[in-house]
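Colleague: Could you take me through one part of this model slowly? I'd like a close look at the sheet and whatever sits around it.

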Amino acid sequence: MIELSILVRVALATRSPRMGSAWQSMAYHNGVRSRARAKTLARPSARKRLVMTGGTSGIGRRIVERLLIERSQWTIILLARPSLRSEELHALSDPERLTVIDADLASLRSTDRACDEVIRFLNSEAIDALALNAGVQTVSHDASSADGFERAFAVNSLAHFLIVERLKGHMRCGGRIVTTSSEVHDPDAFCLMGIGRARWQDPMVLADRIRSQEHIASIVDRGEARYCASKLLNVMHVRHLARELSTIGVIAFNPSVVPGTEIARDRNWLQQLSWRHVLPALAPILPGARSLEQSSSDLLWLLTEADVQSISGSYVDGREVQPGSKDSRDWSKIARAMEVAKSLISKRLHANQRTPAKN
Ligand SMILES: NC(=O)c1ccc[n+]([C@@H]2O[C@H](COP(=O)([O-])OP(=O)(O)OC[C@H]3O[C@@H](n4cnc5c(N)ncnc54)[C@H](OP(=O)(O)O)[C@@H]3O)[C@@H](O)[C@H]2O)c1
C-alpha cells in the first residue's frame, strides 16, 4: 500500500505540458441551446429543479446521468461550456428534462449572462437545488481567467460566488446549495495524492495570477496550492451563506480522491494514464480514495435527500460532517474573502459594461 502511494506521488510530481483538445477551442454561443430548449420544458408543480455547474464530466456527469435515470421528477439546468461532452448530454434524456445554458466560468461576463438565461428560463419557478461542482486544477503554467484573475480562484470560487449572488433569490424556501470542495482545503488533512497545500494569503493576492502562492518555486506545487486555496474559499463561502440564508441548507462537500475524472487533464501522460485507467480499479483499497459511484451517490444524497437544513454551514466529507480547517472557521478571514469577491465582481462587471469583452 505504501509503495503504491509512493508510485502515485512520483507520477504526480512529474511536470506535464498543457494538454489541449478540440472541444476546448470551440466557440462560445451564449444562450442558443437554452432558448431552443426553453420552449419545450413542461412545468408540472411536482417537478424539482436542479441548477448545476460541472455536469459535463467526472462526478458531475454521473450526477446528471443518475438524476435523469433514477429521479423522474427532477429537471436539470446545466451551466456548461460548449463542447462535445455537453453535446453528448443531450442524447441522455428527453429535452424536457435537461437544459444546457452556455457558460464559461472563467469569464464573469459569460457567467453573469448565463444567470440571466437561467432566471428567464425559470419563469418565476423556484430552484430546489443548486450544485456548484465545476472545478479546474492547472499545474503547467500561471493560468488566468478572461478577467485576468488566477484561474482556479476565478472558476472554482469567484464564478460560483457570482452564481449564488444572482440565483439565491430564486431558491425555494427549504432548498439547498451544495458546493464541491475538497479535503485539500485543509493543510493538515491527509490526501492520498500528496497535493501541495496553500498558505493563507489575502484574497486580493489569491486573485492575482502571479502573486498567488508565489513563494512556491515548483509550478506544479504552486498550481496545486492555488487549487487548494480556491477550495478553502468554497468552504468559507458556505459558512458565510449559512448565516445569511436562514431558509436554505448550504453545504461544502468533500468527494475525497475520486480517480477516473477529468480533473487531472493538465497532468502529463503518465499521470493521466494512471488517473484514468489504473487508479479507478484500485480506489476501493486505496486509503482516502472513493469510487466515482460512491462519491456521486454521496453528492446526489446531499442534493436530493439529506436534511441539509439542520447541518447548514457544514463541511461534509462523503456523508459525515467534519470540522474542516481552522482557517475555514476564521470569521475575520471569511468576511475578508466575501468582501473581496463582491468588490472584484462588481468592479469587473461594471468595467465590462463600459468595455465590451470578446466573450
Ligand atoms: N476527482 C477528485 O479527486 C476530486 C477531489 C476533490 C474535489 N474534487 C472536485 O470535484 C469537482 C468535480 O471534479 P471532477 O473530478 O469530476 O473533475 P472533472 O471531470 O474535470 O469535472 C470538472 C467539471 O468542471 C467543468 N469546468 C471546468 N472549467 C470550467 C469553466 N471554465 N466553465 C465551465 N465549466 C467548467 C468541466 O467542464 P468541461 O467539460 O467544459 O471541462 C467539468 O464539467 C471539482 O470541483 C473538483 O475540484 C474532485
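Modeller: Sure, here is a walk through the sheet, the helices packed on it, and then the ligand's surroundings. Keep in mind that this is a predicted model.

Let's start with the strands. The sheet is an open one built from 8 strands, and if you go across it you meet them in the order β3-β2-β1-β4-β5-β6-β7-β8. Their pairing is mixed. At the edges you'll find β3, residues 98-102, and β8, residues 320-322, and each of these has a partner on one side only. As you step from one strand to the next, the twist averages 25 degrees.

Now zoom in on the β3 end. Its partner β2 covers residues 74-80, and the two run in the parallel sense, paired over 5 bridges. If you want a spot to find by eye, look for Ala80, which stands opposite Asp102 in β3.

Next, add the helices. Helix α3, residues 58-70, packs on the sheet and touches β1 (48-53), β2, β3 and β4 (127-132). The direction of α3 makes about 155 degrees with that of β2. Helix α6, residues 151-167, lies across β1, β4 and β5 (171-180), and it runs at about 170 degrees to β4.

Helix α3 is also worth remembering for the ligand, since it gives the most to the shell there, with 3 residues. There are 29 residues around the ligand, and the ones that come nearest are Gly58, Ala134, Gly135, Thr261 and Glu262. Sorted by type, the shell has 12 nonpolar, 13 polar and 4 charged residues.

Technical notes:
Residues are numbered from 1 along each chain as its sequence is written. This is a predicted model: local features need pLDDT of at least 70, side-chain atom pairs count only at pLDDT 80 or more; totals for chains, interfaces and linings use all residues. Two strands pair if DSSP finds at least two bridges between them. Helices (H or I, at least four residues) and strands (E, at least two) are DSSP runs, numbered from the N terminus. Axes are lines fitted to C-alpha atoms, for helices over the stretch in contact, and angles run from 0 to 180 degrees between N-to-C directions. Two residues are in contact if their C-beta atoms, placed from the backbone, lie within 7 Å. A residue is near a molecule or strand if its C-beta atom, placed from the backbone, lies within 6 Å of it. Ala, Val, Leu, Ile, Met, Phe, Trp, Tyr, Cys and Pro count as nonpolar, Asp, Glu, Lys and Arg as charged, and the others, Gly among them, as polar.
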